[in-house]
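Trainee: I would like to learn how to read helix packing and cysteine pairs in a model. Can we work through a case?
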Amino acid sequence: MENIQITQWCAHFISRQVHPGDLCIDATMGNGNDTLLLSRLCEENGRVLAFDIQRSALEKTKERLLAAGAPLNYSLILDSHTNMAKYAREGSVSCIVFNFGYLPGGSHETATKAETSIPALERSLSLLQKGGLLSLCIYSGGDSGFEEKDAILSWLKKLPPRRFLVIKSDYYNRPNHPPVPVLVIKL
């Protein structure tokens, strides 16, 4: 068996959630891997809104999508994920994907922070449709610190259990602060 990465683990559940015609959000576009996955899953009749504050992320993602022949069903938006509610209606989104940390291959100085990530997560809950999925990959450690991870996990623990199911997993036997995968389902 191959060494399963956090992004592959989350992609497994995203693939079961997203259907042709769905509206999805990649809240932290990065290099566009999740944007490509969502684009393929929701197909031509669906829509993907992908957010990042770094122009280089938009450029890399556009290149990746064009090279992969992705359906032209996406909007690459140079804006903070805290503003996603300006682009989608409440209760309209099937799946929202977050990768917390810094842009792989990019500057470690520019990383997500709890001050913006928590408000973005709060907004995402209202955008999700009933049965909708939040997929979170939470990276921490020497490069990005632990403050954001701790703040997000504390916030998740306080979500009302009658409205949201939070499933937190971990790579129990991996050293050096492995990432934390979390799924949130709106009940």
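Mentor: We take helix packing, then the cysteines. Keep in mind that this model is predicted.

Trainee: How are two packed helices described?

Mentor: By the angle between their axes and the distance between the axes. Here, helix α1 covers residues 6–17 and helix α2 covers residues 33–42. Their axes are 10 Å apart, at an angle of about 25°.

Trainee: Are α1 and α2 roughly parallel or roughly antiparallel?

Mentor: Angles under 35 degrees count as roughly parallel. So α1 and α2 are roughly parallel to each other. Their crossing is right-handed.

Trainee: Which residues make the contact?

Mentor: From α1, Ala11, Ile14 and Ser15. From α2, Leu37, Leu38 and Leu41. By class, the contact of α1 with α2 has five nonpolar residues, one polar and no charged.

Trainee: Now the cysteines. How many disulfides does the count come to?

Mentor: The test is a distance: two cysteine sulfur atoms within 2.5 Å. By this rule, the count is zero disulfides.

Trainee: Why is Cys95 without a bond?

Mentor: Because its closest cysteine sulfur, in Cys24, is 5.4 Å away, too far for a bond. Is Cys95 buried or exposed? Its relative accessibility is 0%, so Cys95 counts as buried.

Trainee: And where is the nearest cysteine sulfur to Cys137?

Mentor: In Cys10, 3.5 Å away. Cys137 is in no disulfide. With a relative accessible area of 2%, Cys137 is buried.

Terms used:
Residues are numbered from 1 along each chain as its sequence is written. This is a predicted model: local features need pLDDT of at least 70, side-chain atom pairs count only at pLDDT 80 or more; totals for chains, interfaces and linings use all residues. Side-chain values use heavy atoms; hydrogens and water are left out. Axes are lines fitted to C-alpha atoms, for helices over the stretch in contact, and angles run from 0 to 180 degrees between N-to-C directions. Helices (H or I, at least four residues) and strands (E, at least two) are DSSP runs, numbered from the N terminus. Angles under 35 degrees count as roughly parallel, over 145 as roughly antiparallel, 65 to 115 as roughly perpendicular and the rest as oblique. A crossing is left-handed if the near helix is turned anticlockwise from the far one by less than a right angle, and right-handed if clockwise. Contact means heavy atoms within 4.5 Å. Ala, Val, Leu, Ile, Met, Phe, Trp, Tyr, Cys and Pro count as nonpolar, Asp, Glu, Lys and Arg as charged, and the others, Gly among them, as polar. Buried means under 20% relative accessible area, exposed over 50%, partly exposed in between (1.4 Å probe, protein chains only).
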